[in-house]
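Grab a pencil and have a go at the exercises below. Each one comes with a worked solution, so you can check yourself step by step.

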Amino acid sequence: METVSEPADQREPADPREQGDRGATGPVRTCVGCRRRAAQAELVRVVAVDGRLVLDRRRRLPGRGAYLHADARCAATAVQRRAFGRALRVPQPDPGDLVEALTGPAPGA
Ligand SMILES: [Zn+2]
């Protein structure tokens, strides 16, 4: 087993495009799929666990997180663009069942 020390810093790198756009809605994040900005509360957090992408609905998992709309299309787009690899600094993250998890049991669909 190889022990990798995770940096405790969960802050995202400062993005100048996000400056001055913080209203009363709280922190704003860019969806790694569609690249649109949204309030962090509207996005789901994704982290890589052992190179596998995991939906962190409770935002409690340690490590670097990527933010994404809770939308399978955004997840699929992000996977196609390899955006998770860049955001999470994982060379080739395994998407696992991330897209399926976001597709979920869609009521009425
Ligand atoms: Zn999106």
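## Exercise 1: a covered strand

Strand E5 is mostly covered, with five of its five residues buried. Keep in mind that you're looking at a predicted model.

**Task.** Work out which residues of E5 point one way and which point the other way.

*Solution.*
- Start with the general rule: in a regular strand, side chains alternate between the two faces of the sheet.
- Now sort the residues: Gly65, Tyr67 and His69 point one way from E5, while Ala66 and Leu68 point the other way.
- Finally, check burial: the residues on both sides are buried.

## Exercise 2: the strand's partner

**Task.** Find how E3 and E5 run relative to each other, and how many bridges join them.

*Solution.*
- Follow the two strands: E3 and E5 run antiparallel.
- Count the links: five bridges join E3 to E5.
- Pick out one pair: valine 46 has alanine 66 in E5 as its bridge partner.

## Exercise 3: one face of a helix

**Task.** List the buried residues of H1 and explain why they line one face of the helix.

*Solution.*
- Make the list: Cys74, Ala75 and Ala78 are the buried residues of H1.
- Look down the axis of H1: its buried residues fall within an arc of 100°, so they line one face of the helix.
- The general background helps here: an α-helix has 3.6 residues a turn, so residues three or four places apart point the same way.
- See what they meet: the buried residues of H1 pack against E5, H2 and H3.
- Then step past the helix: H1 is followed by arginine 82, which has a positive phi, near 55°.

## Exercise 4: into the core

**Task.** Which residues have the most contacts inside the largest nonpolar core, and which elements supply at least two of its residues?

*Solution.*
- The largest nonpolar core has 21 residues, and those with the most contacts inside it are Val32, Val46, Ala66, Leu68, Ala78 and Phe84.
- At least two core residues each come from strands E3, E4 and E5 and from helices H1, H2 and H3.
- E3 gives the largest share of this core, five residues.
- Zoom in on Phe84: leaving out residues up to four places away in sequence, Phe84 touches Val32, Val46, Leu53, Ala66, Ala78, Val79 and Pro93.

## Exercise 5: the whole chain

**Task.** Describe the order of the elements from the N terminus on.

*Solution.*
- Count them: the protein has three helices and five strands.
- Read along: the order is β-β-β-β-β-α-α-α.
- Add burial: 26% of the 109 residues are buried.
- Add contacts: among those with a separation of 6 or more, 52% join residues 24 or more positions apart.

Technical notes: Residues are numbered from 1 along each chain as its sequence is written. This is a predicted model: local features need pLDDT of at least 70, side-chain atom pairs count only at pLDDT 80 or more; totals for chains, interfaces and linings use all residues. A nonpolar core is a set of buried Ala, Val, Leu, Ile, Met, Phe, Trp, Tyr and Cys residues joined through C-beta atoms within 7 Å. A residue is buried if 20 or more other C-beta atoms lie within 10 Å of its own, exposed if 12 or fewer, and partly exposed in between; C-beta atoms are placed from the backbone. Helices (H or I, at least four residues) and strands (E, at least two) are DSSP runs, numbered from the N terminus. Two residues are in contact if their C-beta atoms, placed from the backbone, lie within 7 Å. The arc is that of the directions from the helix axis to the C-beta atoms. Two strands pair if DSSP finds at least two bridges between them.
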